[in-house]
Amino acid sequence: MAKTLKLQIVTPEGTAFSEDVEMVGLRSVEGQIGIFPDHVRLMTQMLPGEMMVRIDGRDQFMAVGEGLVDVTGDRVAIATDMAVAAETIDEAK
């Protein structure tokens, strides 16, 4: 079984996402970053845009606002003002 990360995304409304994932890709102030299991400790600012999350070998996408990202070896914690799964976005709104 592949190693995983525990990804937790918290917004002012509560926990938006909490699952084990294989990889997280997001835009930070340092540029586009990919976070895999055993990543070096990192704290950075996330920029608004698209976040990619790999679960069971499939990429899923989320629209995210700005926020803070805290990475430890097996955990990614994100506090953001918005996180919405791409398939639930209502473009008409």
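**An all-strand fold and its core**

A compact globule of 93 residues would be expected to have a radius of gyration near 12 Å, and the protein comes in at 12 Å, so the two agree. The model is a predicted one, and everything below was computed from it. Taken along the principal axes, the C-alpha atoms fit in a box of roughly 40 × 25 × 25 Å. The accessible surface adds up to about 5,600 Å², with carbon and sulfur atoms supplying 52% of that area. As for the interior, 35% of the 93 residues are buried.

The secondary structure is quickly told: there are 10 strands and 0 helices. Read from the N terminus, the order of elements is simply β-β-β-β-β-β-β-β-β-β. Contacts across the sequence are a sizeable part of the picture, too. Among contacts with a separation of 6 or more, 45% link residues that sit 24 or more positions apart.

Two of the strand pairings can be picked out here. E3 and E6 run antiparallel and are joined by 3 bridges; in this pairing, Gly25 faces Met52 of E6. E6 also pairs with E7, again in antiparallel fashion, this time through 7 bridges. Here Gly49 is the residue that stands opposite Val64 in E7. E6 and E7 form a hairpin with 2 residues between the strands.

Now to the inside of the protein. The largest nonpolar core holds 20 residues, and the members touching the most other members are Leu7, Leu26, Ile35, Met51 and Ile78. Two or more core residues come from each of strands E1 (5-11), E2 (14-21), E3 (23-28), E4 (31-35), E6 (49-55), E7 (58-64), E8 (67-72) and E9 (75-80). Ile78 gives a good view of how this core is put together. Setting aside neighbours within four places in sequence, Ile78 contacts Leu7, Gln8, Ile9 and Val10, along with Leu26, Met46, Met51, Leu68 and Val69. Three of those partners, Leu7, Leu26 and Met51, are themselves on the list of core members that touch the most others.

Thr11, a residue of strand E1, is worth a look as well. With a relative accessible area of 10%, Thr11 falls under the 20% cut-off and therefore counts as buried. Leaving out residues up to four places away in sequence, Thr11 is in touch with Ala16, Thr80, Met82 and Ala83.

The backbone has a couple of quirks, and both concern aspartates. Most residues other than glycine have a negative phi. Asp38 departs from this habit, with a positive phi near 70°. Its place is in the loop between E4 and strand E5 (42-46). Asp38 has a relative accessibility of 52%, which is over the 50% cut-off, so this residue is classed as exposed.

Asp56 tells a similar story. Although not a glycine, Asp56 takes a positive phi of about 50°. This aspartate lies in the loop between E6 and E7, which is to say in the hairpin that has 2 residues between its strands. At 61% relative accessible area, Asp56 is likewise over 50% and therefore exposed. Both aspartates, then, combine a loop position with a positive phi: Asp38 between E4 and E5, and Asp56 between E6 and E7.

Terms used
Residues are numbered from 1 along each chain as its sequence is written. This is a predicted model: local features need pLDDT of at least 70, side-chain atom pairs count only at pLDDT 80 or more; totals for chains, interfaces and linings use all residues. Side-chain values use heavy atoms; hydrogens and water are left out. A nonpolar core is a set of buried Ala, Val, Leu, Ile, Met, Phe, Trp, Tyr and Cys residues joined through side-chain atoms within 4.5 Å. Buried means under 20% relative accessible area, exposed over 50%, partly exposed in between (1.4 Å probe, protein chains only). Helices (H or I, at least four residues) and strands (E, at least two) are DSSP runs, numbered from the N terminus. Contact means heavy atoms within 4.5 Å. Two strands pair if DSSP finds at least two bridges between them. The radius of gyration is taken over C-alpha atoms; the globule rule is 2.2 Å times the number of residues to the power 0.38. Accessible areas come from the Shrake-Rupley method with a 1.4 Å probe; for residues, only the protein chains shown count as cover.
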